[in-house]
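Let's take a walk through this one together, starting where two helices meet and working outwards from there. Have the structure open as you read.

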Amino acid sequence: MTLTSVLIVAAALIGIGFYGALSQQSFVMLMMGLELMLNGAILAIIGFWSFSLGGMPEGQLLAIIVMAVMAVEMAVGFALVVAVYRKRQADMTESLTTLKH
Amino acid sequence: MTDALFLVLSALAIWSGWRVFRVDSMVRASFQLMVSFIAVGLIAVLLAAPYIGIATIFMMAVEMMVMALFMVMFMMNPAGLNPMVMVHQHRFSVAAGITAFAGLVLAVLLSDLRAQPLPVDAQVVRALGHELLGPSMLIFETAGVTLLAAMIGAVVLSAHSGRYGGSDQGSRPPGLHPGGEPAGRKPDKHGGHQHHGHHGGH
């Protein structure tokens, strides 16, 4: 277990998440891609903290901030999905051609 | 031992991350994502970050349950009874994903990463606590306020009815004195955009 191997695993998670965020048509599956990318980001942060920061606590703090970002993304994302579904009966990206209300 | 565990957990994280976009059921997809998150949390524990690892596992377990609930509520094909492929620009996405992975791996392999491992006797959770309630308290509190703002935003976006009726039909609070005109702005008759200046009441 080295920094390089941890970062490669994180890169794989980010790559898969990027693929999902670009390819999925359903809003919720798209959000899963974003979550997977943040998952890889947390792994990379913890890897850096453990192997090359010498135990500086700011590294762990950054991971906690990323977790808060995850929670915000999830809450606001689901609220947007609900709002769009109520307004347009749409849950696919293709059904939205405008951002207007 | 640690290396073997890391190999197994990272393989599990990547495999279940990939399965998220390959299973037919959206509920199963959210459980696959949960498995991926739990594997990453356990890797964090292996990397001597027990607080972050366990917090990730707890948070993601709850989050994915909420997600599965949403899938059952109103997304298509939650039970996975039909084959489900809902993708667009598929080739481009595959290429973009592979390019992102290759670019990141190349950057990792080519850069000269600083090696300064964690001291063996480091008290990481205590250090994190001192950091959170010490020098970085403002950052931590800002994260809390951001979460509060996200909660309010989520309620505003998703709530259908306000306290005095449908929020998208212009609800009006009762009058300022008994039997008086309703306070607040009159709802638009045409159902279009709100006109400013038409104030009811006194």
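Keep in mind that this is a predicted model. Start with α2(A) and helix α2 of chain B, residues 26–46, whose axes sit 10 Å apart and make an angle of about 5°. Angles under 35 degrees count as roughly parallel, so α2(A) and α2(B) are roughly parallel to each other.

Who does the touching here? On the chain A side, α2(A) brings A:V28, A:M29, A:M32, A:E35, A:L36, A:N39, A:I42, A:L43 and A:I46. Facing them from α2(B) are B:M26, B:A29, B:L33, B:S36, B:F37, B:V40, B:I43 and B:A44. Sort the residues of this contact by character and you get 14 nonpolar, 2 polar and 1 charged.

Now slide over to the α1 helices. α1(A) packs against helix α1 of chain B, residues 2–19, again with an angle of about 5°, and here the axes are 9 Å apart. That makes α1(A) and α1(B) roughly parallel to each other, too. From α1(A), the contact takes in A:V9, A:A12, A:L13 and A:I16, while α1(B) contributes B:S10, B:A13, B:I14, B:G17 and B:W18. The tally for α1(A) with α1(B) is 7 nonpolar and 2 polar residues, with no charged ones.

Zoom out to the whole interface. In total, 59 residues of chain A are in contact with 74 residues of chain B. On the chain A side, α1 (3–23), α2 (27–52) and α3 (57–88) each supply at least two of the residues that touch chain B. Which helix gives the largest share of that side? It's α3(A), with 20 residues. Taken together, the chain A residues that touch chain B divide into 40 nonpolar, 14 polar and 5 charged.

Finally, look at chain B by itself. Follow chain B from the N terminus and the elements run α-α-α-α-α-α-β-β, so to speak a chain of 6 helices and 2 strands. The domain assignment splits out domain 1 (1–77) and domain 2 (125–158), and the centres of these two domains of chain B, taken over C-alpha atoms, are 23 Å apart. Both α1(B), at residues 2–19, and α2(B), at residues 26–46, fall inside the bounds of domain 1. Of the 202 residues in chain B, 24% count as buried. As for contacts within chain B with a separation of 6 or more, 41% join residues 24 or more positions apart.

Terms used:
Residues numbered from 1 in each chain as written. Chains lettered and ligands numbered in written order. Predicted model: local features only at pLDDT ≥ 70, side-chain atom pairs only at ≥ 80, totals over all residues. Contact = placed C-beta atoms within 7 Å. Helix = DSSP H or I, 4+ residues; strand = E, 2+ residues; numbered from the N terminus. Nonpolar A, V, L, I, M, F, W, Y, C, P; charged D, E, K, R; others polar. Domains from an automatic or database assignment. Buried ≥ 20, exposed ≤ 12 C-beta atoms within 10 Å, placed from the backbone. Axes fitted to C-alpha atoms, helices over the stretch in contact; angles between N-to-C directions. Parallel < 35°, antiparallel > 145°, perpendicular 65-115°, else oblique.
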